[in-house]
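Thanks for coming. I will talk about one pair of packed helices, and then about where one of them sits in the protein. Please have a look at the structure before I go on.

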Amino acid sequence: MRPDYLGRMSLLALAAVTSGVVALGSADVTFGAALVGETRQVAVEQKAAPGTDKLKALYRRPAAIPFPKDNPYTPEKAALGKELYFDTRLSVTSAQSCGSCHSPSFGWGDGLAVGVGHGMQKLGRHTPTVINAAWSDIFMWDGRLPTLEDQALGPIQSTGEMNMPLDELMARLKSVPEYKPLFDRVFPQEGITPKTLAKAIATYERTMVSERAPFDAWIEGDEKAISEPAKRGFVLFNSKAQCAACHEGWNFTNEGFQDIGLPSDDVGRGKFVPGVVKMQHAFKTPSLREIGHRLPYMHDGSLATLEQVVEHYDSGGVDRASRSDLMHPLGLTAQEKSDLVAFLKTIDSPLTPTAAPVLPR
């Protein structure tokens with residue numbers, strides 16, 4: 001568990017529980033409990049922490065979406081990013097958009113074991129979700145891209161995915177009359193460039209925030225929001241099952257890399273740090289938000305259900321030098337496994353698919 005991350009979450013929880021102050025966005029656009037735009041502090045009625053359960057406080061949702069200083073949020077930029085995100089002209093064959101693989105209907109994934117790219121060829125890994133990407137520090141299963149802006153351009157250029165050279169894409173976008181005034185309005189004196197394309201798409205992606213789930217209502221004091229088995233599962237998640245060692249905080253990830261013992265030849269993060277034994281077969285810890293909408297699971301899509309995921313962790317996985325020190329047989333009972341799955345299902349929200357905008361062709 002990273003001290004800096006835990007510290008941020010602890011301070012956030014302390015402010016929410018003891019100060020009676022929350023941050024509200026100045027913009028009108030909201031996404032679940034997160035608010036977009038510059039923040040200001042508004043006093044609200046103070047609520048007592050639920051009993052002495054400090055553990056819950058570590059899982060409270062943040063009040064605002066973080067945007068980088070060099071790419072601040074504007075409604076116009078997000079709207080442009082949304083147009084681009086769902087535009088199939090960003091792929092060389094005009095058959096795929098960003099939304100083809102990262103669809104709101106599948107928890108911003110694609111529902112497939114492994115992704116499908118250019119020419120309908122299967123890719124090597126499961127398509128990761130982009131939900132709550134605004135809070136990520138590093139991107140892709142192997143962490144090869146450092147920013148969401150880089151992530152936005154990566155699949156577009158990849159020969160196995162959208163296969164679109166950026167110079168060709170710039171010419172194509174400039175040939176669409178509707179795009180020029182949009183880019184000029186959002187990016188004065190810059191226009192249509194790879195940099196502005198990436199900034200627009202990344203801004204829209206940062207607005208993809210998971211809605212409030214039953215778990216959030218329980219965290220905030222509604223004891224009837226989740227079942228008794230789910231409550232027991234939450235305790236297991238943070239204790240015997242050791243899930244929270246990596247899936248920590250409101251977004252259920254520490255952004256780290258672990259080899260969890262899957263029988264795969266893919267070295268993951270190890271490709272970039274070949275001398276680090278523990279990074280061989282290591283992959284980024286994904287968020288668990290909307291997990292029920294994002295099956296199948298793992299970097300290779302090899303586990304079809306949450307029950308299989310729990311069984312894998314209970315077994316400890318493949319024993320090898322790179323396997324995480326956190327991975328070992330857990331000895332969970334059948335009831336404990338059932339309780340864990342019940343808890344994981346409370347993290348899902350009732351997703352409302354986002355309609356894809358259409359520009360004139």
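Start with helix H11, residues 306-315, and helix H12, residues 334-345: their axes come within 10 Å and cross at roughly 130 degrees. That angle makes H11 oblique to H12, since angles over 145 degrees would count as roughly antiparallel and 65 to 115 as roughly perpendicular. The crossing of the two helices is right-handed. I should say that this is a predicted model.

Which residues meet between these helices? From H11 there are Leu306, Glu307, Val310, Glu311 and Asp314. On the H12 side, they meet Lys337, Leu340, Val341, Leu344 and Lys345. Sorted by class, this contact has five nonpolar and five charged residues, and no polar ones.

Now to H12 itself. With twelve residues, H12 spans 17 Å from its first C-alpha to its last, which is close to the 16 Å expected at 1.5 Å a residue.

Which residues of H12 are buried? They are Glu336, Lys337, Asp339, Leu340, Val341, Phe343 and Leu344. So what covers them? The cover includes H11, which we have just seen, together with helix H9, residues 214-219, and helix H10, residues 228-237.

Last, the whole protein. It has twelve helices and six strands. There are 361 residues, of which 50% count as buried. Taking contacts between residues at least 6 apart in sequence, 68% join residues at least 24 apart.

That is the end of my part.

How values were computed
Residues numbered from 1 in each chain as written. Predicted model: local features only at pLDDT ≥ 70, side-chain atom pairs only at ≥ 80, totals over all residues. Heavy atoms only, no water. Axes fitted to C-alpha atoms, helices over the stretch in contact; angles between N-to-C directions. Helix = DSSP H or I, 4+ residues; strand = E, 2+ residues; numbered from the N terminus. Parallel < 35°, antiparallel > 145°, perpendicular 65-115°, else oblique. Left-handed = near helix turned anticlockwise from the far one by under 90°. Contact = heavy atoms within 4.5 Å. Nonpolar A, V, L, I, M, F, W, Y, C, P; charged D, E, K, R; others polar. Expected span 1.5 Å × (residues − 1). Buried < 20%, exposed > 50% of the residue type's maximum accessible area, 1.4 Å probe, protein only.
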